[in-house]
Amino acid sequence: MGRHASPTAPTTATEALSPAGPRPDGPALEPIATARELVKVYGAGETAVRALDGVDVDFGRAQLTAIMGPSGSGKSTLMHCMAGLDTPTSGSVVVDGVEISRMSQRQLTKLRRTRIGFVFQSYNLVPTLTAEENIRLPLDIARAPVDQERFDTVVRAVGLEDRLHHRPTELSGGQQQRVAAARALIARPAVVFADEPTGNLDSRSAAEVLGFLRSSVEDLGQSVVMVTHEPTAAAYAHRVLFLADGRLEGELLDPDASTILEALGELTDARESRRTA
Ligand SMILES: Nc1ncnc2c1ncn2[C@@H]1O[C@H](COP(=O)(O)OP(=O)(O)OP(=O)(O)O)[C@@H](O)[C@H]1O
């Protein structure tokens with residue numbers, strides 16, 4: 001963390017923001033998920049909202065990528081389209097080599113159960129099940145065997161060994177979110193999508209969850225994409241992408257929280273001046 005992509009310290013965040021896209025002079029990014037010319041329009045006619053306006057993006061394999069941007073910029077829509085939770089109006093989405101944008105609902109449901117992990121702001125644990133049962137749930141639903149070694153590795157990584165028989169109400173918010181993160185990883189998904197995973201947590205619990213997401217990338221080779229409003233959370237990412245008005249505006253590599261904050265401020269100012277021009 002805290003290392004700039006650029007060797008010279010930028011004077012403004014705009015200078016720090018580089019265009020998001022293939023970098024001819026940088027290391028090749030091996031993508032786990034890609035979007036091409038992704039457009040999502042909600043509604044029709046005069047009330048239509050163009051939530052995504054032609055997004056081209058590659059998400060790196062074994063990277064933690066954060067998506068940031070002003071409210072309404074299309075972050076959740078992008079993540080939902082990438083994760084097969086929403087269908088794009090046009091364009092393509094490929095996850096782990098599979099084109100998902102034209103899949104049927106049935107095919108998408110199967111893909112989400114086996115190849116994609118989710119972490120939501122509100123944990124979404126089943127209250128009547130223990131932590132262990134919640135973690136095993138995706139495999140139980142898919143009627144797939146639980147790989148005990150994987151289970152032990154993930155549980156150790158989230159530090160939940162002594163909480164496995166507790167129900168969600170008997171766990172702190174941070175512990176519940178760590179159960180949710182373990183559940184997302186148990187089936188070795190191609191990619192984990194996390195939507196504001198620390199939005200409900202105090203700073204200490206947030207640091208635990210983010211530390212785990214980062215170590216799941218570094219130690220387990222997991223690919224993680226996370227939407228967040230918080231610069232301190234995004235600073236855990238290897239790469240931070242910035243959206244504004246449904247378009248990808250740029251990216252930062254290994255940024256620190258203050259550079260992210262500056263970039264966000266400039267994006268918001270630029271958007272305001274476009275709107276008032
Ligand atoms: N189901 C929907 N129907 C109509 N409009 C929608 C729908 N979902 C999102 N939108 C609109 O699409 C745009 C992008 O929304 P989205 O939720 O992706 O933004 P966001 O960047 O995640 O915002 P926030 O940071 O506030 O969560 C917004 O203008 C929003 O009002």
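This passage describes the sheets, the core and the ligand shell of the structure. The model is predicted.

Two open sheets are described here. The first contains six strands, in the order S6-S7-S8-S3-S9-S10. Its pairing is mixed. Strand S6 (116–120) and strand S10 (247–253) form the edges, and each pairs on one side only. From one strand to the next, the twist averages 20°. Within this sheet, strand S3 (residues 64–68) pairs with strand S8 (residues 224–227). The two run in the parallel sense and share four bridges. At one position, Ala66 stands opposite Met226 in S8. Helix H2 lies across S3, strand S7 (191–195), S8 and strand S9 (239–244). The helix runs at about 150° to S8.

The second sheet has four strands, in the order S2-S1-S4-S5. Here the pairing is antiparallel. S2 and S5 are the edge strands, each pairing on one side only. In general, strands of a sheet pair through backbone hydrogen bonds, either parallel or antiparallel. Strand S1 (residues 31–42) and strand S4 (residues 90–95) are joined by five bridges and run antiparallel. Across this pair, Arg36 stands opposite Ser92 in S4. S4 also runs antiparallel to strand S5 (residues 98–99), with two bridges between them. Val95 faces Val98 across that pair, and Val94 stands opposite Glu99 in S5. S4 and S5 together form a hairpin, with two residues between the strands. In the turn, Asp96 has a positive phi of about 50°.

Val95 belongs to strand S4. Is this residue buried or exposed? A residue counts as buried if 20 or more other C-beta atoms lie within 10 Å of its own. Val95 has 25 such neighbours within 10 Å, so Val95 is buried. Residues up to four places away in sequence are left out of its contact list. Beyond them, Val95 touches Ala33, Met82, Ile100, Arg115, Ile116, Ala190 and Val191. Ala182 is 87 residues from Val95 along the chain, and the C-alpha atoms of the two are separated by 21 Å.

The largest nonpolar core has 70 residues. Which members touch the most others? They are Met82, Ala181, Ala182, Val191, Leu213, Met226 and Val240. Two of these names have appeared above as contacts of Val95: Met82 and Val191. Met226 also appeared, as the residue in S8 opposite Ala66. Met82 has its own set of contacts outside its neighbours within four places in sequence. These contacts are Ala33, Ala35, Val93, Val95, Phe193 and Val225.

The ligand comes last. Which residues surround the ligand? The shell consists of Tyr42, Gly43, Val49, Ala51, Gly69, Ser71, Gly72, Ser73, Gly74, Lys75, Ser76 and Thr77. By class, three of these residues are nonpolar, eight are polar and one is charged. Strand S2 (49–60) and helix H2 (75–82) each supply at least two shell residues. H2 gives the largest share, with three residues. H2 is thus described twice in this passage: the helix lies across four named strands, S3, S7, S8 and S9, and H2 also contributes to the shell around the ligand. S2 likewise has two roles in the description, as an edge strand of the antiparallel sheet and as a supplier of shell residues.

Notes: Residues numbered from 1 in each chain as written. Predicted model: local features only at pLDDT ≥ 70, side-chain atom pairs only at ≥ 80, totals over all residues. Near = placed C-beta within 6 Å. Nonpolar A, V, L, I, M, F, W, Y, C, P; charged D, E, K, R; others polar. Pairing = 2+ DSSP bridges. Axes fitted to C-alpha atoms, helices over the stretch in contact; angles between N-to-C directions. Contact = placed C-beta atoms within 7 Å. Core = buried A, V, L, I, M, F, W, Y, C linked by C-beta atoms within 7 Å. Buried ≥ 20, exposed ≤ 12 C-beta atoms within 10 Å, placed from the backbone.
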